[in-house]
Amino acid sequence: MGNNQSDNSGNPPGAVPAASRRTEINRFLDQVRALGPSAATVRRGRLIFALDATMSRQPTWDHACTLQAEMFGAAADVGGLDIQLVYYRGLAECRASPWIADPKRLGALMSGISCQGGHTQIAKVLAHARRENDSGKFAVLVCVGDAMDAPLHELCARAGELGLLNVKAFMFQEGYDAICEQAFREIARLTGGAYCRFAPGSAHELAELLRAAATYAAGGVKALADLKARGAGVAKLIEQLK
């Protein structure tokens with residue numbers, strides 16, 4: 001049989017079976033239990049939502065345009081949430097929006113952005129997050145991507161700076177790229193945050209992870225543990241965060 005054929009489960013070669021992915025998400029969300037309070041104040045949580053907008057990401061970008069409203073909704077009962085969108089595409093474009101408290105406004109902004117070919121620019125995202133924290137504290141950096149072409153030592157240095165500032169990176173990887181996984185795991189570890197993989201094209205899995213991240217940003221571990229619609233996945237996040 002050719003290398004590109006699927007196995008009997010329908011999964012592509014090297015992919016993690018659905019049951020194993022479910023277990024991975026469960027374990028990921030459980031690790032939040034060991035996490036201390038978020039950097040959010042008593043007022044509103046703040047979260048930077050960083051997305052890879054290179055060409056391969058168009059389907060996931062379209063999902064994120066819809067799912068971003070769920071982050072606001074998940075955080076509404078525990079103090080509310082302000083989100084800043086950061087995206088990168090092309091050879092050198094990396095942009096950040098103002099802080100936004102209205103899901104309709106963020107959705108409109110995202111729907112006007114198209115994906116373009118280019119390189120990953122996670123180092124720029126981490127540097128931006130460091131500068132942004134200097135002007136106004138925030139709790140969580142959420143990164144969603146599927147590839148990595150930056151030097152790991154540079155990413156680790158920038159992630160370490162965020163860790164010292166108590167900014168936790170939630171690194172959500174779509175797919176199975178090993179280099180991306182290594183980098184995302186290290187960024188999460190150095191910031192005291194969390195890493196999780198979700199299946200390519202799985203809006204349901206991504207939605208669960210984004211709701212959990214938003215809930216933590218707005219209300220910390222207690223709010224996440226109290227999340228009624230936690231699903232099996234929240235457990236893994238609670239377990240992983242320290």
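User: Happy to be looking at this one with you! In which loop does Arg-57 lie?
Analyst: Welcome! Keep in mind that this is a predicted model. Following the chain to Arg-57 brings you to the loop between β1 and α2.

User: Is Arg-57 buried or exposed?
Analyst: The cut-off for a buried residue is under 20% relative accessible area. Arg-57 has a relative accessibility of 2%, so Arg-57 counts as buried.

User: With which side chain does the side chain of Arg-57 make a polar contact?
Analyst: Let's start with what surrounds it. Leaving out residues up to four places away in sequence, Arg-57 touches Asp-52, Cys-115, Val-144, Gly-145, Asp-146 and Glu-174. The side-chain polar contact, at 2.5 Å, is with Glu-174.

User: Thanks! Now the overall layout: what is the order of the strands in the open sheet?
Analyst: The chain comes to eight helices and six strands, and along the sequence these follow the pattern α-β-α-β-β-α-α-β-α-β-α-β-α-α. The open sheet has six strands and mixed pairing. Its order is β3-β2-β1-β4-β5-β6.

User: Which strands stand at the edges of the sheet?
Analyst: In the order β3-β2-β1-β4-β5-β6, look at the two ends. Each edge strand has a single partner, so one side of each is left without a neighbour in the sheet. Neighbouring strands are turned by 15 degrees against each other on average, direction ignored. The edge strands are β3 and β6 (194-198).

User: How do β2 and β3 pair, and which residue in their hairpin takes a positive phi?
Analyst: Strand β2 (residues 81-89) and strand β3 (residues 93-96) are antiparallel, joined over four bridges. Among the bridge partners are Val-86 with Ala-96 and Arg-89 with Glu-93. The hairpin has three residues between the strands, and the residue with a positive phi, near 65 degrees, is Gly-90.

User: Which helix lies across β1, β2, β3 and β4?
Analyst: β4 here covers residues 140-145. The helix in question runs at about 145 degrees to β2 and spans residues 122-135. That is helix α4.

User: Why are the buried residues of α3 on the same side of the helix, and which residues are they?
Analyst: Around the axis of α3, the buried residues cover an arc of only 100 degrees, which puts them on the same side. What covers them includes β1 (45-52), α2 (58-76) and β2. In helix α3 (residues 103-111), the buried residues are Leu-106, Gly-107 and Met-110.

User: Which residue caps the N-terminal end of α3?
Analyst: The clue is a side-chain oxygen 3.0 Å from the backbone nitrogen of Lys-104. The residue carrying that oxygen, and so capping α3, is Asp-102.

User: Are α2 and α3 roughly parallel or antiparallel?
Analyst: Trp-61, Ala-64, Cys-65, Gln-68, Ala-69 and Phe-72 in α2 meet Pro-103, Leu-106, Gly-107, Met-110 and Ser-111 in α3. The two helices pack with their axes 9 Å apart, at an angle of about 170 degrees. That makes α2 and α3 roughly antiparallel.

User: One last stop: what separation do the C-alpha atoms of Glu-154 and Ala-123 have?
Analyst: Glu-154 sits in helix α5 (residues 152-164) and is partly exposed, with a relative accessible area of 29%. Along the chain, Glu-154 and Ala-123 are 31 residues apart. Their C-alpha atoms are separated by 7.1 Å.

Notes
Residues numbered from 1 in each chain as written. Predicted model: local features only at pLDDT ≥ 70, side-chain atom pairs only at ≥ 80, totals over all residues. Heavy atoms only, no water. Pairing = 2+ DSSP bridges. Buried < 20%, exposed > 50% of the residue type's maximum accessible area, 1.4 Å probe, protein only. Arc of directions from axis to C-beta. Contact = heavy atoms within 4.5 Å. Polar contact = N/O pair within 3.5 Å; in protein donor to acceptor, adjacent residues only side chain to side chain. Axes fitted to C-alpha atoms, helices over the stretch in contact; angles between N-to-C directions. Parallel < 35°, antiparallel > 145°, perpendicular 65-115°, else oblique.
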